[in-house]
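User: I am new to this structure and would like a close look at a single part, the side of one chain that meets its partner. Please set that part in its surroundings as you go.

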Amino acid sequence: MSAPALLEVDGLFVHFEASRRPKPAVVHAVDGVSFRIPRGTTFGIVGESGSGKSTTAQAVMRLVPTTAGAIRLDGRNIIDLNGVALHEVRKSLQMIFQDPFSSLDPRRRAGNLIAEPIRLLEHRSKDETAARVDELLAAVGLQPSAASLFPHQFSGGQRQRLCIARALATAPALIVCDEAVSALDVAIQAQILNLLLRLQAERGLAYLFISHDLGVVQHMCDEIAVMYLGQIIEQAPNSAFFSRPHHPYTWSLMTAALPAGPLRQSLKKSYLATGEPPSPINPPNGCRFASRCPFVVTRCREEAPELVAIGTGHWVACHRHDEIDPPVFA
Amino acid sequence: MSSDPVLVLDDLSIALATISGEVPVVEHLSFSVAQGSTIALVGESGCGKSMTALAIMNLLPQGFRCSGGRILFEGEDLVAATPSRRRALRGNRMSMIFQEPMTALNPVFTVGEQIAEALRAHQNLGRRAAAARALDMLRAVQIPAAENRIKAYPHQLSGGMRQRVMIAIALACRPKLLIADEPTTALDVTVQAQVFDLLARLQEEMSTAIILITHDLGAVADIADDVAVLYAGRCIEQGATRVVMEQPLHPYTAGLMVCVPHLQPGVMAARHRLLAEIPGMVPPLGQRPTICAFSDRCTRVGNDCLSEPQPPLFTLAPTQAVACLHPLQRETTA
């Protein structure tokens, strides 16, 4: 298409061996996922637990071994990098985790925690590092005096600010946010989301934003992909996604996330999926959503649908996408 | 409205003993819940909503105690009741669903045994009769292939299934009162909707009173009749859910409503706009002022807020009460 995007994920597979005996079992955590994130934009992945969204994030960060596929940062495949070359890449690729209580070393002071990535990846003088730590604390809205405190002396929201400061330390181009606000209280969540938006505007950051909360995703993301059992089943720019979603699973997610009221009540009957996802070990042959889909036909159980384009940048993997009219959500 | 309330909290206070004396955790909380109806306790972590639930169940952790007020369950004051009386009620007439179904279930017993345990302890059922009732309960909470799942251990079930088992245990003895402490927070959105539907259906069948504890008001609007918003251990707004959600009077409630980015299908302008945020954070335990605890985060704060003690709840509309010196204006609707 155009110039290479900041991040390009191409045909990514991540499989885990679950057991060898009595018979081999493989968890298909990520099964052929492709997407691209242009510089300065936010790409959202939504899905339920077990859909592979966190594994995708970890594979992009090179935190889990990939089975197949390519991950290109600025056109360069980072899948086989290691040692110094991988360190170089990590400068421009950072991550914020869900739980700010377990992602900070409890025995180190905040200043030290923020300085760590600078020390490991950038080799600067002590004074330079200290100045940078002060600047980062200010950028995330913490007092300079916070540098001498331990993680347990902060609240959850402040801890997440600390994690953001750490992620910003090496001036990355892309930050992977894996459920970065879902452990926070709603009032604090708004503060952190605003902080992420401000930092993006100031520094031209790109985010890979993993969340299960469609409201948050609509607010934050330029483009959204829905994952189900290791595969992207629908992907679209924000406006197309939220005005005319095409996959029955997306309808189910949206119905569940609608604000309470008569609209949700009326859509619930026909569009809310029943049951729970099947196991990612030996996933079904046909459409993976077939067992829960209200619109399933025989073909869905036998033949896996491919992602097809139905609009500019709008992709959907459903055999019946042109047969069934999407529900009217607004 | 309906019959006598199942539970009345009358000016309940809870305190935590520390080295430097007792620290208030919950102050002067009053509400009631009638048979078959639902009240939601809403607030941020640390506002005392879970402690209120544990006090009703008599499960307060060591160091916490009810320091004032009464808990009236069907007219009987539980604060004064003996431990054995409380034990006889708990799991029988009143029961609780916890947030994290993995840690609340016992990993070394099958789910069938855990449901039967409540029945055998409280209803004098034999092993066989209890097992049969346990199977009925599993079916009632819509677990597919219940006759096989009754022999399953908690780790063999998904999060949604585990929470259904928790509900089956809690409702096995057909309690008058059910406390659900963030029952769906650990679950996926589509499963959340299923669990809420299930709770609503079972409530209708058994006409159980439900106290629902949550931090997201929007999520419970469908099923809660009344709502009490807690802030720093004090109730700052209370009323019928529909009224409070349509027209919150306390600045904190209003802030809670707008700071959540709710899904708005079909709306294009929602992206990349900064959310309305409530600056600052809840004062920590032991540092709560006697003046309004929200005053340092409030945009409507006046001099009287900083000098006078926090006002008690006063009724502004027939079904709405607020504890604020400068409440938001109530629009008069034609």
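Analyst: What follows begins with the conventions, turns to the contact between the chains, and then moves outward to the surroundings.

This is a predicted model, in which local features need pLDDT of at least 70 and side-chain atom pairs count only at pLDDT 80 or more, while totals for chains, interfaces and linings use all residues. Residues are numbered from 1 along each chain as its sequence is written, and chains are lettered from A and ligands numbered from 1 in the order in which they are written.

The contact between the two chains draws 37 residues from chain A and 34 residues from chain B, where two residues are in contact if their C-beta atoms, placed from the backbone, lie within 7 Å. On the side of chain A that touches chain B, at least two residues each come from helix H6 (186-203), helix H7 (214-220), helix H8 (238-243) and helix H9 (248-257) of chain A; helices (H or I, at least four residues) and strands (E, at least two) are DSSP runs, numbered from the N terminus. The largest share of this side, 8 residues, is supplied by H6(A). By residue class, the side of chain A that touches chain B holds 20 nonpolar, 13 polar and 4 charged residues, with Ala, Val, Leu, Ile, Met, Phe, Trp, Tyr, Cys and Pro counted as nonpolar, Asp, Glu, Lys and Arg as charged, and the others, Gly among them, as polar.

Among these helices, H9(A) deserves a closer look. H9(A) is mostly covered, with 10 of its 10 residues buried; a residue is buried if 20 or more other C-beta atoms lie within 10 Å of its own, exposed if 12 or fewer, and partly exposed in between, the C-beta atoms being placed from the backbone. The buried residues of H9(A) include Tyr249(A), Trp251(A), Leu253(A) and Met254(A). Within chain A, the buried residues of H9(A) pack against strand E3 (42-46), H7, strand E9 (223-228), strand E10 (231-237) and helix H10 (262-271), and from chain B they pack against helix H8 (189-206).

Another covered helix in chain A is H1 (residues 53-60), which is largely enclosed by the rest of the structure because 8 of its 8 residues are buried. The buried residues of H1(A) include Lys53(A), Gln58(A) and Val60(A), and the helix is followed by Arg62(A), whose phi is positive, near 60°.

The surroundings in chain A comprise 11 helices and 12 strands. Strand E1 (residues 7-19) of chain A pairs with strand E4 (residues 68-73) of chain A in the antiparallel sense over 5 bridges, pairing being called when DSSP finds at least two bridges between two strands. Phe13(A) has Ala68(A) as its bridge partner in E4(A). E4(A) is also joined by 2 bridges to strand E5 (residues 76-77) of chain A, again antiparallel, and there Leu73(A) has Arg76(A) as its bridge partner. E4(A) and E5(A) form a hairpin with 2 residues between them, and Asp74(A) in the turn has a positive phi of about 50°.

Taken as a whole, chain A has a radius of gyration of 21 Å, which agrees with the value near 20 Å for a compact globule of 330 residues; the radius is taken over C-alpha atoms, and the globule rule is 2.2 Å times the number of residues to the power 0.38. Buried residues make up 48% of the 330 residues in chain A. Of the contacts in chain A between residues at least 6 apart in sequence, 65% join residues at least 24 apart.

The largest nonpolar core has 201 residues, of which Leu208(A), Val226(A) and Ala168(B) touch the most other members; such a core is a set of buried Ala, Val, Leu, Ile, Met, Phe, Trp, Tyr and Cys residues joined through C-beta atoms within 7 Å. This core takes at least three residues from each of domain 1 (5-224) and domain 2 (247-322) of chain B, the domain bounds coming from an automatic or database domain assignment. Beyond its neighbours within four places in sequence, Ala168(B) is in contact with Ile115(B), Met137(B), Leu138(B), Ala140(B) and Val141(B).

Within chain B, the centres of domain 1 and domain 2, taken over C-alpha atoms, are separated by 28 Å. In the contact between these domains of chain B, 11 residues of domain 1 meet 8 residues of domain 2.
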